[in-house]
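Trainee: I am new to this model and would like a close look at one part of it. Please take one residue with an unusual backbone angle and then work outwards from there.

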Amino acid sequence: MTARSPLTAGARDAHADTEPADMAEHGTDEPSSRTGSPDGEGQVLEDRSLLHQRLAVRELIDTEVSYLHMLQLCASDIRSRLQQLPQGDLDVLFSNIDDVIEVNNRFLHDLQETESREEEQVHLIGNLFLKFQEELERVYKVYCASYDQALLLVEAYRKEPELQREIQGIIETVVPQAGPSGLSFLLVIPLQRITKYPLLLQKILENTVPDASAYPVLQRAASALQDVNTNINEYKRRKEVASKYTKVEQLTLRERLARLNTHTLSKKTTRLSQLLKQEAGLVPKTEDKEFDDLEERFHWVSLCVTEMKNNMAVYLDNLEAFLRFRPQEYDLDIPGGPVVQYCSLMRELQLQAFPQFKQRLEGLVWQPLCSLAKALAGPQNLIKKRLDKLLDFERVEEKLLEAGSVTYEEQEARHTYQALNSLLVAELPQLNQLAMHWLGQILCTFVGLQRDLAKHVLQRAEGSLAQLPHSHLSEPAFRKLVEDTLGQTGHQLRSFQKNLDKVLPPLTTQPLLPGAERQVQALLSRYGPEKLYQVTSNISGAGTLDLTLPRGQIVALLQNKDTKGNSSRWLVDTGGHRGYVPAGKLELYRVTSSQEEVRGQEWPHKDSCHLTPEPTPAPVSSVPVVTQVVAVYPFVARSSHEVSLQAGQLVTVLEAQDKKGNPEWSLVEVNGQRGYVPSSFLARAPSPAPWGWSLPS
């Protein structure tokens, strides 16, 4: 960290504190240095060092008491009174101050216990710092890493005079010595304290005899606390680098292009060149098995979260569709009996149990799952950035080996990669473990909600089930009853199907569109009957080469796959346009004998292929005016002059031809609407069929 680091700045502020050791140099209790013997002079120097050592120890303990008291004021009195600030702001301002208080509270307790063992107190203090080294580093690095963000909030508050006055009034009431600095004075205190520990230990060490048993312990403690500050600075630098690249921005193509400049183009070109040289084997590729294993595990975790999120979205959609379907609200024309109990039970479940389950599912499963997926987006982006920085790092390392020196910018790129890699290696294991734990908790919650729903439904259904007529039957008897009922129902369905086959005429091909005979003859003469297909349903082209065709259109097959070898898209010719259509919406067109005769007359030298015409229903042209018939096939109106039909629907024929006298179209009336429909879609109704039907003749 540079000289502007808060930790380094805190070290300078630490010297400004009042030190009892400095005041003791002018005290009257200091032994006189006027003596005539060398032994006496040495004793005086030893006594003076011992006095300064005790004063340094006293300063350590007294300042620790004052420091901990100030932290407790911040955490309790000040934080609790700043209720006008959002909770998110308070979390940033005070960070993990509760963890800092907990560690320093235990540290002070052990520190005060050393006072009862004055002879070995210094030795115990050195060991105490070594004991708390890791804990101090753990809590202070988190606090220091969020310190800059807290200062940004403080600056934002200063731009709001009213809010700033309220905050300043609260701080001056609790901590009058804070002065006009206010929040800044309080927030910097932990940074000053962690940087002052090495100075306090060094002062004790300077007044300790080198041959004393406590001297090497104090040396190790002072060095350890110096390492703690170094590690905190490094961690803070890594966090600053990571925060720069963890932001996931949703940019449009235009915004991405606007960010391009000569510098970024040069950087991306250099990375691409480095990557190509690695793939070609011209330069070695950096191998990091530890990171590769962590990255692979992270991707597996991300994949699990993504898959579960997609599955849960589908589950919620299906649940929503299930809740929209309410059969109990329809009139089934079945008076009394089990239907009443069923409708009552379903109505109760539909209004209470299932909506409550959906609400709990969204709050306890879906929202945490979305939050987890969002939390993984930042680290995922950081891993991608690491690959870019790795290419920069490898290029700089090559240059460093060849030239022996690099530019300042290249050195920064090198340090950036090292910071990103170190941070990911240190925190990815914890992230993977936490994400898996979180995902496991979500799955357990989902299972628990399903169990609660089943229990709730069974409890609600107990009363209704007891009222059903078959509730007294044993399970084998009930199974036998169900099998017999299903068998009887199946027999009725088969009988219904046989009678329906008698009512409906045989299947025929779709009728030709009006005026399409000439186009069919042209396609038939050009491609032959084996290449002609008919469109079974309307086709809407989505791509530039796709065709939009109505149902009934005749086309000629040119190729049964597209340019990519996809056999589900066929290339066809309509007689005027060529393009691709879905193969599933085409069926082979059966050419009639009359069409074959016309083709044979035009090209008598070619062998004609006579196909047996498929039987068609009796034309409706012979039906007298205002006659009721049955729609054989469903028909969808394509304009305001046509009317839609459903299979089996009763139709009143007004005219058995169109205005031009074409019998292929009939003017009908359906449900009060008039319009044209294909005549071949209509058929006379046979005599009344079994099952009590009364079809019009």
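Mentor: Take Ser 95, which at 23% relative accessibility counts as partly exposed, because the range for buried stops under 20% and the range for exposed begins over 50%. Ser 95 is not a glycine, yet its phi is positive, at about 45°. Its place is the loop that runs between helix H4 (87-94) and helix H5 (97-113). Keep in mind that this is a predicted model.

Now look at what lies around that loop in the sequence. Leu 93, within the range of H4, is one of the two residues with the most contacts inside the largest nonpolar core, the other being Phe 129. That core has 66 residues. Helix H3 (residues 38-81) supplies its largest share, 12 residues. Leaving aside residues up to four places away in sequence, Phe 129 touches Leu 60, Phe 107, Tyr 197, Leu 201, Ala 221 and Leu 225. Besides this core there is a second, separate one of 37 residues, with Phe 291, Leu 349, Leu 382 and Leu 424 among them.

A second case of the backbone angle is useful beside Ser 95. Asn 671 is also a residue other than glycine with a positive phi, here about 55°. It sits in the loop between strand E8 (665-670) and strand E9 (673-678). With a relative accessible area of 71%, Asn 671 is exposed, since the cut-off for that class is over 50%. A positive phi turns up at a glycine too: Gly 528, just after helix H19, takes one of about 90°. H19 itself covers residues 517-527, and its buried residues are Val 520, Gln 521, Leu 523, Leu 524, Ser 525 and Tyr 527. An α-helix has 3.6 residues a turn, so residues three or four places apart point the same way. Within H19, Val 520, Leu 523, Leu 524 and Tyr 527 are among the buried residues.

Next come the cavities. The model has three of 30 Å³ or more, and the largest has a volume of about 60 Å³. Its lining includes Val 154, Tyr 157 and Arg 158, and also Gln 164, Ile 167, Gln 168 and Ile 171. Pro 180, Ser 181, Gly 182 and Leu 183 line it as well. Two elements give two or more residues to this lining, helix H8 (147-158) and helix H9 (161-174). Of these, H9 gives the most, with four residues. Sorted by class, the lining has six nonpolar, four polar and one charged residues.

The overall figures put these parts in context. The protein has 697 residues, of which 38% count as buried, and it contains 20 helices and 10 strands. Among contacts between residues at least 6 apart in sequence, 69% join residues at least 24 apart.

Last, the confidence of the prediction. The average pLDDT is 79, and 80% of the residues score at least 70. Over residues 1-6 the pLDDT is below 50, and that stretch has 11 contacts beyond near neighbours in sequence. Residues 601-627 are also below 50, with 44 contacts of that kind. Where pLDDT is low, the predicted coordinates should not be read in detail.

How values were computed: Residues are numbered from 1 along each chain as its sequence is written. This is a predicted model: local features need pLDDT of at least 70, side-chain atom pairs count only at pLDDT 80 or more; totals for chains, interfaces and linings use all residues. Side-chain values use heavy atoms; hydrogens and water are left out. pLDDT is the predictor's confidence in each residue, from 0 to 100. Contact means heavy atoms within 4.5 Å. On a 1 Å grid over the protein atoms alone, a cavity is a set of points where a 1.4 Å probe fits but cannot get out, and a pocket is an open set with protein on both sides within 12 Å along at least five of seven lines; lining residues have an atom within 4 Å of a point. Grid points are joined across faces, edges and corners, and a volume is the space filled by probe spheres set on the points. Ala, Val, Leu, Ile, Met, Phe, Trp, Tyr, Cys and Pro count as nonpolar, Asp, Glu, Lys and Arg as charged, and the others, Gly among them, as polar. A nonpolar core is a set of buried Ala, Val, Leu, Ile, Met, Phe, Trp, Tyr and Cys residues joined through side-chain atoms within 4.5 Å. Buried means under 20% relative accessible area, exposed over 50%, partly exposed in between (1.4 Å probe, protein chains only).
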